[in-house]
Each structure stands twice: as structure tokens, then as C-alpha cells.
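Reader: I'd like to go through this one label by label. Can you show me the chain and then back up each term you use?

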Amino acid sequence: MAFKVLPAEVSDIPDIVAVHQASWVNDPIIGRLMPDVDPKVKYDYDLGYYKNKFETKALSGSVMHKVVETETGKLVAFAKWKYPYSLTPEQQAEKARLDLNRSYPPGTNEQLYEQFFGRLDTLRKKYLDEEKDYFLHLLIVLPSYQRQGLGTMLIREGLAAADRDNARTYIEASPMGLGLYKKFGWKEIDDIVIDMRPHGGTGIASEKCLMREPGAGILETVEMV
């Protein structure tokens, strides 16, 4: 089966949401963020989230790609990169206003939400220079299409740009994706550790923060996974 990488468009949002929900449902952290939210409400919330990301690309350096089946055009994987960017004072004020207006649907585990994303924000402020670094913010593949090289295709797309700019690349990785990212030259620099038992989960869940120096790894020879 053949695939190709294309820029993602606003019209892709429903398909992106379908991939998003299928990819995260069993994640030990993300899967517990909205355990009691009505599925229709959650779907509408996720539609709004991605609509906002497309509308505010200029405020975050966002560059979005999709992988589609060449024959059918079906969207089966998606990546949201943040390329280096800088904002005017007016844009900074607008971004801060939008951040303050974020709200969660009824049934959201707000304590877990604040704990997890609060830790992510702290680490991003510590390690990520948004004016110089690239950031692979989101990489999702439909479960039935995993292990076919689609994640590799999307990673190469952004890393090629980062290497041309001689720029570092930051990422946050679940245990499932950690091995692949290390093949591309990312190195662990910190972690997020959460006791999931108070949130209806089991045991300790963790993610790793990684940084890749420009040119690390060998893009052309990393196995397609």
C-alpha cells in the first residue's frame, strides 16, 4: 500500500479528530483526561480544539502535515510541528487572551489535566526556545496503520527542515514512541511522572522529554516504522 505526506487543511479536521481519538483512547494519561465526558461532547470539543489550532497557526508557528493513502486519499496519520517563531507584542497579548479562555467540558478530570499539562508547560519553558527550536508537538497514527512507516515519514518531514536551519528539535514521548525517536537522534533530558491511581488509573505513568541536536541520527537510514 502506498502513502504520501501532504499539508493538512481545515477540511481535514473531522478525519484528524477520528485519528486523534483512536490513537489516544488507551494512553494511560491522555485516556484518563476526559473519562466521564459524553462522547458527542468530547467529539465537538476535539473539533473545536483543532479548528482553533488551524485558525491560530500564526501565533504558534504551527505546521501541520498528514499522511494519506495514495489510492483512496484516506487520512491515516497526522503531525503538528511548531517551527521557530516570534510574536509582536500585539500577538503575544492575543495568545495570552486565548490561553486564559480555555475551558473543559463537564466530566473532565481537571486535576489530572492541570497536573499533566502544568508539568509540560514547566518543562517547555525550561528547555524550549520557541524562537530557535523546532518542536514536534503531536504525532498520531491510526492504530490499524501503525508499524507501516507513517510516523517515520512525518518525522523526516520536520527534521529535514530543522537540519537545514541547523536547529535543535524538542519532543515529549510516550514509552511507545521512545525507541523510534532515539533512532532519529533524540536524547532524554527530563521526564513527566504521574501517579495515576488517584485518577482512576493503575500505577505510575510517565513520558520523556527529549532534545535532538541538528544533524543527529541518520534520516535516510532509520527504519520505516
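Author: What follows is a run through the labels, each set against its cut-off. This is a predicted model, where local features need pLDDT of at least 70 and side-chain atom pairs count only at pLDDT 80 or more, while totals for chains, interfaces and linings use all residues. Residues are numbered from 1 along each chain as its sequence is written, and side-chain values use heavy atoms, with hydrogens and water left out.

Reader: How do you know how many helices and strands there are in the chain?

Author: They are DSSP runs, numbered from the N terminus: H or I over at least four residues for a helix, E over at least two for a strand. That gives 6 helices and 7 strands, in the order β-α-α-β-β-α-α-β-α-β-α-β-β along the sequence.

Reader: What makes the chain as compact as a globular protein of that length?

Author: The yardstick is the globule rule, 2.2 Å times the number of residues to the power 0.38, with the radius of gyration taken over C-alpha atoms. For 225 residues the rule gives 17 Å and the chain has a radius of gyration of 17 Å, so the label fits. The C-alpha atoms fill a box of roughly 45 × 45 × 35 Å along the principal axes. As for contacts (heavy atoms within 4.5 Å), 77% of those with a separation of 6 or more join residues 24 or more positions apart.

Reader: Why is Glu110 called partly exposed, and Arg147 exposed?

Author: Buried means under 20% relative accessible area, exposed means over 50%, and partly exposed is in between (1.4 Å probe, protein chains only). Glu110, in helix α4 (residues 110-127), has 44% relative accessibility, so it counts as partly exposed. Arg147, in the loop between β4 and α5, is at 70% and therefore exposed. Asn166, in the loop between α5 and β5, is at 60%, so it is exposed too. Across the chain, 44% of the 225 residues count as buried.

Reader: What makes phi of Arg147 worth a remark?

Author: Most residues other than glycine have a negative phi. Arg147 is not a glycine, yet its phi is near 65°, a positive value. Asn166 is another such residue, with phi near 55°. Gly185, just after α6, takes a positive phi of about 105°, but that one is a glycine.

Reader: What makes a set of residues a nonpolar core?

Author: The members must be buried Ala, Val, Leu, Ile, Met, Phe, Trp, Tyr or Cys, joined through side-chain atoms within 4.5 Å. The largest such set has 42 residues, and Tyr50, Phe78 and Tyr181 are among those with the most contacts inside it. Elements giving two or more residues to this core include α1 (13-24), α2 (39-55), β2 (62-69) and β3 (75-82). The top contributor is α5, with 7 residues. Apart from this core lies another, of 18 residues, including Ile29, Tyr113, Tyr170 and Ala205.

Reader: Which residues is Phe78 in contact with, leaving aside its neighbours within four places in sequence?

Author: Its partners include Ala8, Ile16, Tyr50, Met64, Leu138 and Leu154.

Reader: And which residues of helix α6 are buried, and what do they pack against?

Author: In α6 (residues 175-183), Gly177, Leu178, Leu180 and Tyr181 are buried. These residues pack against β4 (134-141), α5 (150-164), β5 (169-173), β6 (187-195) and β7 (204-212). Of these four, Tyr181 was also named above for its contacts in the largest core.
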